[in-house]
Amino acid sequence: MMKSKKLFGTDGIRGTSNQFPMTPEVVVRIGQAIGYLIRKKAISSPSQANKVVIGKDTRLSGYMIEQALASGLNSMGIYVQLVGPLPTPGIGYLARTMRAAAGIVISASHNAYQDNGIKIFGPDGFKLDDKLEQEIEDLVADDNLSKLVAASRDVGRTKRIEDSQGRYIVYAKSAFPLEHTLDGLRIVLDTAHGAAYRVAPAIFEELGAEVIHVGNRPDGTNINDKVGALHPSLISQAVVQYRADVGIGLDGDADRVIMVDEKGKLINGDHILAICAIHMKHKSQLRNNALVVTQMSNFGLEKKMNEHGIRVVKTNVGDKHVVDEMRKGSYNLGGEQSGHIIFLDQSTTGDGTVAALKVLSVMRETGKTMSELANIFEDVPQVLINCRVRSRVELDTINGYARLLKEKESELEGEGRIFIRYSGTEPLIRILVEGPDKKKITTIAEELAIFLEKEIS
């Protein structure tokens with residue numbers, strides 16, 4: 001029996017390539033587990049077809065994992081359609097519109113190229129729920145999995161779909177109003193040498209923009225390497241250098257975005273959400289007059305929403321949690337400070353390109369510059385420190401932790417907050433401290449980090 005280890009984190013399965021769980025042997029079993037659930041109709045498409053769409057980003061290990069997944073699925077009688085490099089939201093879209101039983105993305109999002117991962121969408125284009133993820137884990141660890149394969153005459157086939165990029169381009173452009181174009185707009189676009197390196201430039205150029213390309217020459221090892229949404233300084237410099245109107249930075253799988261105004265100033269997810277929420281409310285498009293955010297969002301955003309009569313609903317960190325809350329409450333706008341922005345009327349998950357198009361449509365409709373739009377609220381100072389950890393110890397079990405946390409919270413005198421959590425995708429613990437005094441919150445964050453590094457790092 002395969003040694004039982006947890007596969008799924010907060011955003012699918014992720015790890016270093018050629019190490020558990022991202023080895024060919026384990027990935028074949030993951031494909032078999034998914035295939036078995038499809039064959040048994042636990043995962044079922046509207047057409048009842050045993051068909052799966054697989055896309056990926058530009059990592060070197062993507063080829064290896066793609067073939068292992070397809071092999072596992074084929075062995076269970078599943079037909080596989082490979083679409084090559086495509087943004088994560090594109091796979092959710094294709095799974096739904098192609099009436100597939102599932103869509104699978106091979107990507108480790110914003111991580112370095114050595115890592116890779118697997119994200120699974122159901123036939124409705126949404127990520128699988130926890131129950132199905134647990135069933136996949138149980139099957140992967142089950143000795144009997146290899147005995148459940150299809151009969152020789154029923155094995156599946158794999159073929160490549162050539163027009164998938166064109167389908168995504170048309171879909172993404174539909175997020176931009178037909179009555180407007182991007183004519184005369186100069187954009188610096190950084191695709192992080194990742195999944196959107198072909199489709200994103202085509203989208204903005206087809207809408208009329210002049211696009212200055214950054215980070216669009218993937219070689220298998222340079223994805224997210226000092227480029228993209230996590231490294232905005234490159235975009236800021238290019239915007240100023242080329243006198244661009246706006247900068248757009250995507251991450252490796254293009255499900256998140258950061259933007260830069262014409263002065264080179266960074267615009268994070270909180271400000272993007274504020275711009276879109278207020279504009280949507282004015283147009284009576286903000287469903288249930290609410291915005292869904294996570295605990296990491298800045299208090300300045302919540303304060304601005306209150307001024308405009310927009311209710312703020314908070315969830316745990318992770319775009320999956322945001323989407324779940326949006327579906328439960330029938331909301332259509334939500335996201336994270338990190339740049340995962342979900343327009344549920346348009347997409348089933350975060351889509352960096354769609355989010356950027358929505359902001360550009362506000363620019364066009366209001367006639368304002370990017371800096372005028374982004375100057376929408378004042379951020380309350382935040383300090384975020386990431387500490388690497390060996391294991392995930394329950395924080396409340398650490399001797400002295402509760403006492404120290406209470407002491408530091410009292411130092412904020414009711415004018416700030418402390419939020420500490422483990423990363424769902426990396427071996428890190430994140431310490432966020434927020435309050436009006438930057439010096440004070442920095443000291444508090446550093447003292448908490450020193451304590452936790454000593455105890456669990």
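**Reading two open sheets**

Y422 stands opposite I429 in β19.

Reader: Which strands hold these residues, and how many bridges join β18 and β19?

Author: Strands of a sheet pair through backbone hydrogen bonds, either parallel or antiparallel. In this predicted model, local features need pLDDT of at least 70, side-chain atom pairs count only at pLDDT 80 or more, and totals for chains, interfaces and linings use all residues. Residues are numbered from 1 along each chain as its sequence is written, and side-chain values use heavy atoms, without hydrogens and water. Here β18 (417-422) and β19 (residues 428-434) are antiparallel, with 6 bridges. Strands are DSSP runs (E, at least two residues) and helices likewise (H or I, at least four), numbered from the N terminus; two strands pair if DSSP finds at least two bridges between them.

Reader: What is the strand order of the sheet of 3 strands?

Author: The order is β17-β19-β18, an open sheet with antiparallel pairing. β17 (382-388) and β18 are the edge strands, each paired on one side only. The twist averages 15° from one strand to the next; axes are lines fitted to C-alpha atoms, for helices over the stretch in contact, and angles between N-to-C directions run from 0 to 180 degrees.

Reader: Why is one side of β9 and of β12 left without a neighbour in the open sheet of 5 strands?

Author: That sheet has mixed pairing and the order β9-β8-β10-β11-β12. β9 (210-214) and β12 (266-267) stand at its edges with a single partner strand each, so one side of each lacks a neighbour in the sheet.

Reader: Which strands does helix α6 touch?

Author: Helix α6 (residues 199-206) packs on this sheet and touches β8 (186-190), β9 and β10 (246-250), where contact means heavy atoms within 4.5 Å. The direction of α6 makes about 165° with that of β9.
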